[in-house]
Amino acid sequence: MGKGAQNYGKKDSTGKALSSDSHVAWAKEVRECEENYKVKRDYGLSDDEVEKRLQIHGLNELEKHEGPSVFRLILDQFNDTLVRILLGAAVISFVLAWYDGEEGGEMEITAFVEPLVIFLILIVNAIVGVWQESNAEKALEALKEIQSQQATVIRNGKKISGLPAKELVPGDIVELRVGDKIPADMRVLNLISSTLRVEQGSLTGESEAVSKTTKPVPEESDIQGKKCMVFAGTTVVNGNCICLVTDIGMNTELGKVHFQIQEASQNEEDTPLKKKLNEFGEMLTILIGLICALVWLINVKYFLSWEYVNGWPANFKFSFEKCTYYFEIAVALAVAAIPEGLPAVITTCLALGTRKMAQKNALVRKLPSVETLGCTTVICSDKTGTLTTNQMAVAKLVAMGHRANAVRLFNVEGTTYNPLDGKIEDWPAGQMDANLQTIAKIAALVNDASIEQSDKGYVASGMPTEAALKVLVEKMGLPYGLSSGSSTGYNGLMGCSQAWSKTGRRIATLEFDRDRKSMGVIVSLDSGRKSLLVKGAVENLLERSSYIQLLDGSVVELNRRAKDAILDSLNELSMSALRVLGFAYKDDPSEFTTYNGDEDHPAHNLLLNPATYSSIESNLTFAGLVGLRDPPRKEVRQAIEDCRAAGIQVMVITGDNKNTAEAICREIGVFGLDEDITSKSITGRQFMDHPDQKGHLTQKGGLLFSRAEPRHKQEIVRLLKDAGEVVAMTGDGVNDAPALKLADIGIAMGIAGTEVAKEASDMVLADDNFSTIVAAVGEGRSIYNNMKAFIRYMISSNIGEVASIFLTAAIGIPEGLIPVQLLWVNLVTDGPPATALGFNPPDKYIMKKAPRRSDDSLISAWILFRYLVIGLYVGIATVGAFVIWYTHDSFFGIDLSRDGHSPITFSQLRNWDQCSSWENFTVSPFKAGDQVFDFESDPCEYFRAGKVKAMTLSLSVLVAIEMFNSLNALSEDESLLTMPPWVNPWLLLAMSISFGLHFLILYVPFLAQVFGIVPLSLNEWLLVLAVALPVILIDEILKCVGRWTNGAKTSSKSSKHKDE
């Protein structure tokens, strides 16, 4: 395990510091660095010294984060109020079932079904939770994959190839070559090639490969400014060099990201919905406690009685059997109050939401993030690869005109490496003049890149800027003569570039270097003549140019007016944050007239010395210039406008430079074209030093943070969350991972994103498109609205069940519903309609409304009142059906006497426990299905075993009334007349399934025995419908009142606004 941060800066055997946090290698000269680390670049470290430093610093690897044990994860799943109530109810039910079995009870199967089903729910819930949380650690594992596995090291004066990178220590001398993955943070000591470029965008957010140097930089430089340092996990794309290892393991910039991911994962918070459900669970606990206590107080007289002797209570009588009975009622009450099916329905709805989002290219990794999207208030977006394509493209082409001081400007369309993506405006297709042909030839031949088509689209191999030039060549096409001759057979992806390559064979390359800022190639033309072709920084090429090529190919002297015209074009392109490259050439360079690549030729020695390149590239003829950029995605501007309409603020946080980022932000609409953004566009470091960080973040409109490091991104996200914002963070690089983990919802790029970013995220964009986020937010809002519908539906149903049990206990009649029946209703019967409510059609104005606040209540006071009224009716109807069967032989013309049961008085039903003391009490046998219930031996069994028909009626009324109540939940306020049931055909199907399941347990004998019910006749079903249907009428009246009061409030607000 890498000790990294713990042991860094310790001393060697001589007592002197090897290195310390105070030694900033990037600010020191090469000689000072070697002295500080006690090493010579030619010899490296000795084996003894390596061993000592290994003991001090440990291995060069990231720490293995010991996550919570499986046992700890399992326990955490029960750290939830609803789950704890369920667990308690299941344990008590199990004990009571066991007690009944010991006593020889007849309902042992029924009694054990309930606790076992609850235990099964809890086990499944725990398994899902453990599986989700164990996945959270994968981001740290993915980070380790970025680390280099091997390194070429100089030790004991010898070069060792293939040394395991984990064995590197501070002070090691490492050689880097093109394609190497850098194994540690290192100081560049010496450039072997003329240039060294490193692709470090995944760590820093920069859109281009960075040129490295041996020169020190200021001590306070940010990570992008440390030009003499190379960082672990990044890749060498050009050149080779010798470096000194300065930091390993957890002390590297990659290690810091690892630590920040670990830290962010420990600060993960519950989603807004889970917080609401936890609050609901706590409220439910109090409510259940109060109702249970009230039920016991009402019924205490049945199991505890006493007499008063001399004014004091005495002769206490306690019935353990009746105490247990009312304890079972309390357990039934707990089961009734808890919507056991709610977690399963929420999971199902979220899973269906993930399928819908997947169709829109948003791949959800963590289910709760579907709902979190719906209340997103701020999107913090990375620029490179998210708002832009992360593919360099030529935007402007400047060619020479008829006169020396005249230029022609062409706009180049397209934002990707696809040669067919866009065209050049006003282009003379097939009739390219001599000047345009020269530009095309230089762009094609002074170029080592290529474009390939893969599963991920068009991909560049080589430098992005050179790949963009290759795409430009394809868009330019070929002149008439070349296309009809030399280009035959080159109609593929890079056909034009291949055709130009046939016009001249490259025989020498003058590599790019940072001093002359250009690259040149010498080609041997078909005629045998030689030509020097050069591309590079425009100012440098102009300094070395003596001539200029005009439109017709003629060459004239480069005078002051011509130079000013070119520099004006350069400034215009630079002001648009474009990277500008110039093109020049020299025919028949005198030193290379007879050179053909032969190493014995005198000119070959000139090529071996980069110091001579400037003199070779002199007296050039300037041909033109191009402006390149990492272009914004076409659809982003509209997506930004959609965010603004939806009340979502967009902040851009990028590691790229300020000017480029500002230009992109203006173009995509984060800022207005003429908006003053002095206070809205700052660097990450300026933000960290800002005296009022929170005040800066509360500014309206878009904000931009450029040159941002991982810690800056984390701090911005943390402050936004502290201010109550729900933050979505997008990113694709390693440097984005900590902030992705910390944000309420982290969104990674699927194509360009690193595995680290994907594993740290909650959602992955399959198309890397910012506009996909906006579509996903709309889907999230729709899902949340539908979830509110089924949560309200399930809660109102549970209120009805609680009211039913409470009324049963308060009136004193026999128990009408047993726990296993309530469990069946909550889990199975209510489940399909609740899930189907998740398919309610979305509001067409859903993305025109401001996001809901994360602390908004699921249920308003008026909605709660409505469902208390509905719940009270459910309770009255359920208990009423039970009472009607016992006390009536007909009800509103419905004949209930056909089964032969004996009606009794309501008073007898209330005092059923005193049945044994009634004189001459007899009841007739009655029939239920194929069963006959006879009470000749004990008429009082009429209130125990004989209540099976009344219980069945109660259960059937409960099921039917909840099916009709699901129609009420189609809309919070809309009437069924304006929003009929068929707007959601899935709900009608779900109601059919639920009724079908109820018929199944009614008419299959084994299941009927398990649930303690019997089949019903047609007349009894008519009674069920007569009692259940009024629930629709009651809610329609309440909805009407709600619409009327809302309309009154709206009109009063508008009149008040007019008065103002």
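In this predicted model, strand β19, spanning residues 518-525, lines up antiparallel with β20, and seven bridges hold the pairing on record. One of the matched positions puts S518 across from G536 in β20. The two strands make a hairpin, with four residues between them. Within that turn sits G528, whose phi is positive, at about 95 degrees.

Strand β20 also has a partner in β23, which covers residues 579-587. Here, too, the strands run antiparallel, this time joined by six bridges. S531 takes part in this pairing, with D587 as its bridge partner in β23. So much for partners; burial comes next. Strand β20 covers residues 530-536, and seven of its seven residues are buried. That goes for both faces of the strand. On one side are K530, L532, V534 and G536, while S531, L533 and K535 sit on the other, and all of them are buried. G536, the bridge partner of S518, and S531, the bridge partner of D587, thus come from opposite faces of β20.

Elsewhere, the model has an open sheet built from six strands. Reading across it, the order is β2-β1-β3-β9-β4-β7, and the pairing is antiparallel. The edges of this sheet are taken by β2 (158-164) and β7 (229-230), each of which pairs on one side only. At the β7 edge, the neighbour is β4, made up of residues 185-191. The β4 and β7 strands are antiparallel and share two bridges. M186 is found opposite V230 of β7.

Two helical residues round out the picture. S497 belongs to helix α17, which runs over residues 495-501. S497 counts as buried because its relative accessibility is 5%, under the 20% cut-off. Leaving aside residues up to four places away in sequence, S497 is in contact with A444, K470, V473 and E474.

The other residue is T772, located in helix α29 (residues 770-811). With a relative accessibility of 6%, T772 is likewise classed as buried. Its contacts, again without residues up to four places away in sequence, are K360, N361, A362, L765 and D767.

Terms used. Residues are numbered from 1 along each chain as its sequence is written. This is a predicted model: local features need pLDDT of at least 70, side-chain atom pairs count only at pLDDT 80 or more; totals for chains, interfaces and linings use all residues. Side-chain values use heavy atoms; hydrogens and water are left out. Two strands pair if DSSP finds at least two bridges between them. Buried means under 20% relative accessible area, exposed over 50%, partly exposed in between (1.4 Å probe, protein chains only). Contact means heavy atoms within 4.5 Å.
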